[in-house]
Amino acid sequence: MAPVKKAKKNVESMNSRLKLVMKSGKAILGYKQGLKGLRTGKSKMVLIASNCPPLRKSEVEYLAMLAKTQVHHYSGDNTELGIACGKLFNCSVVTILDGGDSDILSSKE
């Protein structure tokens, strides 16, 4: 029972951090714009939803490795990731350009 509770706490923690980034920092939602951010080297962190297609996921991971950017595999699907960002649509890739007041870039869970 303890691991399930800890996993839920991590998800809630990531959601609150992501909400703070959307409010005070800068983030890009979407696959195509995220790839542009990775290519230009402006991105600091990439969040990938759990149900992102494997080919797309591997491409984002490869570009993030070249850009020396952190990658976080979000435990929820693209609907939950979109809702965590405060949007009413699905989003499989979120690229963070500026963390703002959040500590999402310094914490690695």
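## A buried arginine and its salt bridge

Arginine 17 is buried, with a relative accessible area of 14%. In this predicted model, the side chain of arginine 17 meets that of aspartate 103 in a salt bridge, with a nitrogen-to-oxygen distance of 3.1 Å. Because arginine 17 belongs to helix α1, which spans residues 2–24, and aspartate 103 to the segment after β4 (93–98), the pair ties together parts that are 86 residues apart in sequence. Aspartate 103, unlike its buried partner, is partly exposed, at a relative accessible area of 40%. The count of salt bridges comes to one.

## The largest nonpolar core

The largest nonpolar core has 14 residues, and those with the most contacts inside it are Leu18, Leu47, Tyr74, Leu81, Val94, Ile96 and Ile104. Two or more residues of this core come from each of the elements α1, β2 (45–48), α4 (78–84) and β4, and the greatest contribution is that of α1, with three residues. In soluble globular proteins, nonpolar side chains tend to be buried together.

Isoleucine 96, when residues up to four places away in sequence are not counted, touches Leu18, Val21, Lys26, Ala27, Ser43, Lys44, Met45, Leu47, Ile104 and Leu105. A second, separate core has eleven residues, including Tyr31, Leu35, Ile48 and Leu63.

## Valine 21 in helix α1

Valine 21 has its place in helix α1 and is buried, with a relative accessible area of 0%. Residues up to four places away in sequence aside, valine 21 touches Lys26, Ala27, Ile96, Asp98, Gly99, Ser102 and Ile104. Of these contacts, the one with aspartate 98 links positions that are 77 residues apart in sequence, although their C-alpha atoms are 7.7 Å apart in space.

## Threonine 95 and leucine 97 in strand β4

Threonine 95 is found in strand β4 and, at 0% relative accessibility, counts as buried. Once its neighbours within four places in sequence are left aside, threonine 95 is in contact with Ala27, Ile28, Gly34, Ser43, Met45 and Val46.

Leucine 97 also lies in strand β4, and its contacts, not counting residues up to four places away in sequence, are with Lys26, Ala27, Ile28, Lys42, Ser43 and Lys44. Ala27, Ile28 and Ser43 are thus named among the contacts of threonine 95 and again among those of leucine 97. Leucine 97 and arginine 56, by contrast, are 41 residues apart in sequence and 20 Å apart in space, C-alpha to C-alpha.

## Cysteines without disulfides

A search of the whole structure finds zero disulfides. Cysteine 52 is in no disulfide, and the nearest cysteine sulfur, that of cysteine 91, is 9.6 Å away. For the sulfur of cysteine 91, the closest cysteine sulfur is in cysteine 85, at a distance of 5.7 Å, which is too far for a bond, given that the two sulfur atoms of a disulfide lie within 2.5 Å. Cysteine 52 is buried, with a relative accessible area of 5%, and cysteine 91 likewise counts as buried, at 4% relative accessibility.

## Asparagine 78 in helix α4

Asparagine 78 is found in helix α4 and is buried, with a relative accessible area of 19%, a value that falls under the 20% limit for burial. Not counting residues up to four places away in sequence, asparagine 78 touches Ala49, Asn51, Asn90, Cys91 and Ser92. Cysteine 91, one of these contacts, is itself buried.

## Aromatic surroundings

A search of the whole structure for aromatic pairs finds zero. An arginine does, however, lie over an aromatic face: arginine 56 is placed over the face of tyrosine 31, at 4.1 Å from the ring centre. Tyrosine 31 is also included in the second core, together with residues such as Leu35, Ile48 and Leu63.

## A positive phi at lysine 68

Lysine 68 has a positive phi of about 55°, although it is not a glycine. Lysine 68 lies in the loop between α3 (54–66) and β3 (70–73), and it is exposed, with a relative accessible area of 77%.

Definitions and conventions: Residues numbered from 1 in each chain as written. Predicted model: local features only at pLDDT ≥ 70, side-chain atom pairs only at ≥ 80, totals over all residues. Heavy atoms only, no water. Phe/Tyr/Trp six-rings, centres within 6.5 Å; stacked < 30°, edge-to-face > 60°. Lys NZ or Arg CZ within 6 Å of the ring centre and 35° of its normal. Buried < 20%, exposed > 50% of the residue type's maximum accessible area, 1.4 Å probe, protein only. Salt bridge = Lys/Arg side-chain N within 4 Å of Asp/Glu carboxyl O. Helix = DSSP H or I, 4+ residues; strand = E, 2+ residues; numbered from the N terminus. Core = buried A, V, L, I, M, F, W, Y, C linked by side-chain atoms within 4.5 Å. Contact = heavy atoms within 4.5 Å.
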